[in-house]
Number of protein chains: 2
Amino acid sequence: MNTNKLHKQINLIGERAQAASQIVSGLSIDERNKILLSFASEIEKNSDKIVEINVQELKEHRDDLSLPMQKRLQLSKEKISTIASSLKALVKLADPLSEGNTSWQAKAGFKVVKKTVPLGVVAMIYEARPNVTIDAAALTIKSANAVILRGGKESIKTNQVLVSILQQSLKKLGYSENIVQLIEDTSHDSVKELLHLRKFIDVLIPRGSGSFINYVVDNSTVPVIETGAGNDHIFVDKSADQEEAIKVIVNSKIQNPSVCNSAEKLLVHADIAKEFLPKLFDRLSNEGVEIRGDKEVQLIDNRVELAKDFDWDTEYNDLIIAVHLVNNLKEAIDWIGKHTTHHTEAILTNSAENASEFMQRIDAAVVTENASTRFTDGFEFGFGAEIGISTQKLHARGPMGLTALTSYKYEIFGHGEIRK
Amino acid sequence: MNTNKLHKQINLIGERAQAASQIVSGLSIDERNKILLSFASEIEKNSDKIVEINVQELKEHRDDLSLPMQKRLQLSKEKISTIASSLKALVKLADPLSEGNTSWQAKAGFKVVKKTVPLGVVAMIYEARPNVTIDAAALTIKSANAVILRGGKESIKTNQVLVSILQQSLKKLGYSENIVQLIEDTSHDSVKELLHLRKFIDVLIPRGSGSFINYVVDNSTVPVIETGAGNDHIFVDKSADQEEAIKVIVNSKIQNPSVCNSAEKLLVHADIAKEFLPKLFDRLSNEGVEIRGDKEVQLIDNRVELAKDFDWDTEYNDLIIAVHLVNNLKEAIDWIGKHTTHHTEAILTNSAENASEFMQRIDAAVVTENASTRFTDGFEFGFGAEIGISTQKLHARGPMGLTALTSYKYEIFGHGEIRK
């Protein structure tokens with residue numbers, strides 16, 4: 001599309017979203033929940049149509065996409081029914097606007113009310129998975145925000161049908177369909193436009209590869225919540241229960257290798273390496289995991305491929321793990337300090353002292369003692385929903401529940417007070 | 001300075017700050033308070049030296065600076081003694097790291113602890129006032145952060161002596177002097193370097209003019225907390241108590257016209273304008289306030305200068321106010337929606353219904369009913385300290401107390417749990 005025309009179009013979408021955010025922010029929790037229930041029933045009612053379009057779109061892109069990617073793009077009737085169930089589960093969660101409200105009397109006499117409010121307009125830029133379309137729309141509406149969606153080109157047709165169904169159900173209930181809008185231009189230019197729509201967008205949440213998120217952070221003037229990059233380490237201390245360690249490492253690596261909370265790196269105390277690693281590698285190899293490591297690790301076990309420098313900062317999102325030996329806790333902490341993405345870092349140990357020092361000194365959203373890294377998750381934490389996993393320190397950190405999509409305002413109730 | 005050399009130098013400052021943040025984050029609240037008390041006694045002990053350097057620096061810049069600016073730059077013995085007292089008051093405040101901590105058991109068995117932690121490295125870019133140097137250093141240390149200060153060129157020598165005193169007192173107590181660092185290069189290049197030091201800086205807080213803050217927001221890849229721009233409106237509703245309204249408006253305008261919570265714009269219900277405005281203008285004129293307004297306002301009172309378009313979006317920070325008539329609440333809300341800086345917006349009314357609609361629909365950090373806009377202030381709110389007033393929605397909004405300089409991390413305590 002012509003750049004100038006695209007600029008105008010995205011500006012208009014922003015303006016409409018801001019106006020719609022005023023509407024949705026005024027809806028009661030019952031009204032917002034009714035929208036979610038309507039979404040659930042409409043997408044189930046239209047599931048044949050959705051599947052048909054999705055199948056056709058997958059066919060069109062088949063030659064350009066890897067098998068795992070095709071799987072992620074796919075929207076079967078079963079998946080749609082799962083999505084509908086998760087919408088119904090979301091309805092049951094408490095209103096995030098009901099949390100964090102407080103009030104007090106100021107010395108000068110007036111009353112201050114700290115009131116939880118929606119952020120306003122949330123923009124979500126994500127890759128192919130069309131289920132994110134429904135998910136993002138539902139979470140933002142539950143928290144009384146308007147949303148602008150910018151999905152990937154491979155699933156634009158599926159996204160179009162999903163959003164038109166959502167908009168129809170908003171319309172039926174008598175609300176502005178601009179509460180949920182889709183950017184239909186899937187060129188890079190539309191991302192660029194969104195990154196500078198500070199006037200209308202309150203927060204931008206990118207989902208995708210580490211390099212894409214870095215690009216957004218480096219170029220956005222809209223406030224960003226960084227999510228998702230996870231070069232997660234597990235440090236196996238000398239005192240660790242080795243059987244338990246093997247179980248936890250295997251789970252952290254293979255339970256879902258393509259996600260940000262899977263383990264990517266292993267630091268092992270040199271004193272136990274000879275005894276521990278061959279047992280561990282037996283299990284990992286059985287599970288199809290490729291093992292990389294530095295020379296010392298290779299000398300212990302010849303199934304190990306020599307790691308290169310880039311390995312230590314790479315999030316594989318695949319059945320690969322890289323192993324490095326350390327001589328003590330301090331070396332482990334320093335190594336993690338250099339290579340962490342501040343997502344999840346774990347220690348396996350029986351030393352309370354070492355665990356405590358690790359917890360204190362590691363700068364990450366989640367620091368884990370003697371459990372799988374895969375627990376860094378909004379549902380596992382009991383939040384009932386997850387917007388994403390923030391790796392930054394401002395606003396929200398770690399698994400984000402619905403309250404991450406809220407802000408607050410102060411209301412002053414006076415009786416003519418003036419400042420002395 | 002040579003750009004490359006400056007780049008290396010600022011990078012080194014960032015690296016040192018990050019290392020120092022690890023130290024200060026491990027200090028108990030007693031240890032942090034001891035640092036503040038040492039600051040207080042050292043700057044009082046050295047007050048003659050500070051005043052001497054400040055007087056000399058003021059002389060050097062006398063020809064380039066306005067009188068109000070000179071006054072802001074000045075650091076008298078009395079001011080130093082006030083600063084020392086405020087440091088002692090800061091010691092008495094609760095540890096911000098003790099707030100917001102919570103824990104629970106997850107379904108899978110492990111325990112989750114949500115723990116308040118410091119942000120890490122805070123960078124503050126500010127204009128001339130040298131008292132900000134002590135203030136910023138004290139607030140960041142109280143909240144267990146390291147700080148990088150970049151003050152204006154007009155007070156660089158005063159800042160240098162202040163920071164060297166702070167560093168000496170850190171050293172005497174056995175802590176790294178890199179907990180507080182000053183950027184000595186006051187060229188624009190040093191600001192640019194800081195804006196891209198994402199690797200080492202966790203948050204950047206600019207203080208200064210609206211255009212400077214916009215520049216920082218537009219160009220920083222480091223997360224920013226926007227503070228300070230306030231084009232604050234007061235809407236005088238038809239039902240307002242007019243005597244009270246005059247008192248509140250005069251206070252909002254003149255009590256300290258150079259700050260962000262002073263009133264800049266007045267919206268008056270057309271039905272009461274003829275009766276109300278001349279009485280108000282008598283009082284404002286007596287106080288030396290220049291009155292601007294649109295034609296309708298000028299027709300009511302010929303003391304009014306015709307406002308131009310730019311007036312409605314300008315923060316005067318001076319004894320000027322601009323007045324516009326509206327026919328109803330909706331017009332007032334819409335007008336504010338177009339011109340707000342999301343800082344403080346006030347309504348003066350006796351209609352509970354109108355007050356409630358105004359509170360709900362105005363999108364600002366603080367919305368005030370029947371009280372002076374000057375109450376948007378951390379001390380007036382009872383926070384005991386103020387980092388600044390945030391006009392953004394992410395992380396912190398409105399007057400920011402010490403907790404605005406904290407984040408949190410999650411700690412998982414497991415017993416070998418794996419994800420099913």
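In the predicted model, strand β16 of chain A, residues 406–417, pairs with β13(B) in the parallel sense, and 5 bridges join the two strands. Within this pairing, A:Phe413 stands opposite B:Glu369 of β13(B). The pairing thus links a strand of chain A to a strand of chain B, and both strands belong to an open sheet of 10 strands with mixed pairing. The order in this sheet is β1(A)-β2(A)-β16(A)-β13(B)-β12(B)-β7(B)-β8(B)-β11(B)-β9(B)-β10(B). At its edges stand β1 (102–105) of chain A and β10 (305–306) of chain B; each has a single partner strand, so one side of each is left without a neighbour in the sheet.

Several pairings within chain B contribute to this arrangement. Strand β7 of chain B (residues 232–236) runs parallel to strand β12 of chain B (residues 344–348), and 4 bridges join them. Here B:Ile234 has B:Ala346 in β12(B) as its bridge partner. Strand β9 of chain B (residues 290–293) is likewise joined by 4 bridges to strand β11 of chain B (residues 320–326), in parallel. In that pairing B:Glu290 stands opposite B:Ile320 of β11(B). Strand β9(B) also pairs with β10(B), in the parallel sense and over 2 bridges. The bridge partner of B:Arg292 in β10(B) is B:Glu305.

A further open sheet of 10 strands, with mixed pairing, has the order β10(A)-β9(A)-β11(A)-β8(A)-β7(A)-β12(A)-β13(A)-β16(B)-β2(B)-β1(B). In this sheet the edges are taken by β10 of chain A and β1 (102–105) of chain B, each with a single partner strand, so one side of each has no neighbour in the sheet. Strand β9 of chain A (residues 290–293) and β11(A) run parallel and are joined by 4 bridges. The bridge partner of A:Glu290 in β11(A) is A:Ile320.

The two chains are related by rotation. A turn of 180° with a shift of 0.0 Å along the axis lays chain B on chain A with an RMSD of 0.0 Å. That is the relation of a two-fold axis. Of the residues of chain B, B:His395 comes closest to the rotation axis, its C-alpha atom being at 1.8 Å.

The contact between the chains involves 68 residues of chain B and 68 residues of chain A. Of the interface residues of chain B, 100% are also interface residues in chain A, so the copies meet through the same surface. The size of an interface is often expressed as the accessible area lost when the parts come together. Chain B and chain A bury about 5,800 Å² between them, with 51% of it on carbon and sulfur atoms.

Polar and charged groups also meet across this interface. The interface of chain B and chain A holds 8 salt bridges. In one salt bridge, B:Glu380 is joined to A:Arg419, and the closest N and O atoms are 3.3 Å apart. In addition, 47 residue pairs are in polar contact across the interface, with both residues at pLDDT 80 or more. The elements that give two or more residues to the side of chain B that touches chain A include the strands β2 (111–118), β13 (366–371), β15 (398–400) and β16 (406–417) of chain B. Among them are also the helices α9 (210–219), α10 (242–254), α14 (352–361) and α15 (378–381) of chain B. The largest share of this side, 11 residues, comes from β16(B). By class, the residues of the side of chain B that touches chain A divide into 31 nonpolar, 18 polar and 19 charged.

Over all chains, the structure holds 48 salt bridges. Among them is a salt bridge of A:Glu42 with A:Lys45, whose closest N and O atoms are 3.3 Å apart. Both A:Glu42 and A:Lys45 lie in helix α2 of chain A (residues 29–45), and they are 3 residues apart, about one turn of the helix.

A loop residue of chain A completes the description. A:Glu315 lies between β10 (305–306) and β11 (320–326) of chain A, in the loop that joins them. Apart from its neighbours within four places in sequence, A:Glu315 is in contact with A:Gly228, A:Ala229, A:Gly230, A:Val259, A:Cys260 and A:Glu264. A polar atom of the side chain of A:Glu315 lies 3.0 Å from the backbone nitrogen of A:Gly230. By contrast, A:Glu315 and A:Glu44, 271 residues apart along the chain, have their C-alpha atoms separated by 36 Å.

Definitions and conventions. Residues are numbered from 1 along each chain as its sequence is written. Chains are lettered from A and ligands numbered from 1 in the order in which they are written. This is a predicted model: local features need pLDDT of at least 70, side-chain atom pairs count only at pLDDT 80 or more; totals for chains, interfaces and linings use all residues. Side-chain values use heavy atoms; hydrogens and water are left out. Copies are superposed by least squares on the C-alpha atoms of residues with pLDDT of at least 70 in both. Contact means heavy atoms within 4.5 Å. Buried area is the accessible area (1.4 Å probe) that two parts lose on being put together, summed over both. A salt bridge is a side-chain nitrogen of Lys or Arg within 4 Å of a carboxyl oxygen of Asp or Glu. A polar contact is a pair of N or O atoms within 3.5 Å; within protein, one must be able to donate a hydrogen and the other to accept it, and residues adjacent in sequence count only if both atoms are side-chain atoms. Ala, Val, Leu, Ile, Met, Phe, Trp, Tyr, Cys and Pro count as nonpolar, Asp, Glu, Lys and Arg as charged, and the others, Gly among them, as polar. Two strands pair if DSSP finds at least two bridges between them.
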